[in-house]
Amino acid sequence: MISKIGIAVIGTGFGQKVHIPGLQAHPQTEVVAVYHRDLDKAKTIATNHHIPHAFDQVETIIALPEVAGVTIQRRHSCTLKWPSKSFTPANICCWKNPPL
């Protein structure tokens, strides 16, 4: 049996609509954590999608031992400088900008 790759989803607009269902449908990935700047929203999203962890701190998600990769979704209007400083070479990172 092939073990699944644990993925954290950062960015829950497009990420919730596309990334989470896609990753959950893939036989070799498992969404293990979700980030939203509002912890209550993160918890709601996690509950609705059966995701075990919800956080409002990126560093906490990255520190989870089961997180092997991260998908980041952001709006074009957002400027995020923290992700590249938070990740290690062990993390797989997919940074996606949706079309306007």
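Is histidine 49 buried or exposed, and what relative accessibility places it in that class? In this predicted model, histidine 49 has a relative accessibility of 18% and therefore counts as buried, since the cut-off for buried is under 20%.

## Overall architecture

The chain contains four helices and five strands. Read from the N terminus, these elements follow the order β-α-β-α-β-α-β-α-β.

Of the chain's 100 residues, 41% count as buried. The chain exposes about 6200 Å², and 57% of that area is supplied by carbon and sulfur atoms. Among contacts with a separation of 6 or more, 49% are made by residues 24 or more positions apart.

## Strands S1, S2 and S3

Strand S1 covers residues 5–10 and runs parallel to S2, to which six bridges join it. One pair in this arrangement is alanine 8 with its bridge partner in S2, alanine 33. Together with helix H1, which spans residues 14–25, S1 and S2 form a right-handed β-α-β unit.

On its other pairing, S2 is matched with S3 in the parallel sense over three bridges. Alanine 33 takes part here as well, with histidine 53 as its bridge partner in S3. The route of the chain from S2 to S3 passes through H2, and this β-α-β crossover is also right-handed.

Strand S2 comprises residues 29–35, and six of its seven residues are buried, so the strand is largely enclosed by the rest of the structure.

## The surroundings of histidine 49

Histidine 49 is located in the loop that links helix H2 (39–48) with strand S3 (53–55). Apart from neighbours within four places in sequence, histidine 49 contacts Gln16, Ile20 and Gln24. Helix H1, at residues 14–25, includes these three positions.

## The surroundings of aspartate 56

A second loop, between S3 and helix H3 (58–63), holds aspartate 56. With a relative accessibility of 29%, aspartate 56 counts as partly exposed, because its value falls between the 20% and 50% cut-offs.

When residues up to four places away in sequence are not counted, aspartate 56 touches Tyr35, His36, Arg37 and Leu39. Tyr35 belongs to strand S2, whose residues are 29–35, and Leu39 belongs to helix H2, which covers 39–48. The C-alpha atom of aspartate 56 is separated by 8.8 Å from that of aspartate 40, a residue 16 residues apart from it along the chain.

Conventions
Residues numbered from 1 in each chain as written. Predicted model: local features only at pLDDT ≥ 70, side-chain atom pairs only at ≥ 80, totals over all residues. Heavy atoms only, no water. Helix = DSSP H or I, 4+ residues; strand = E, 2+ residues; numbered from the N terminus. Buried < 20%, exposed > 50% of the residue type's maximum accessible area, 1.4 Å probe, protein only. Contact = heavy atoms within 4.5 Å. Pairing = 2+ DSSP bridges. Right-handed = clockwise from strand over helix to strand, strands pointing away. Areas by Shrake-Rupley, 256 points an atom, 1.4 Å probe, with all protein chains shown as cover.
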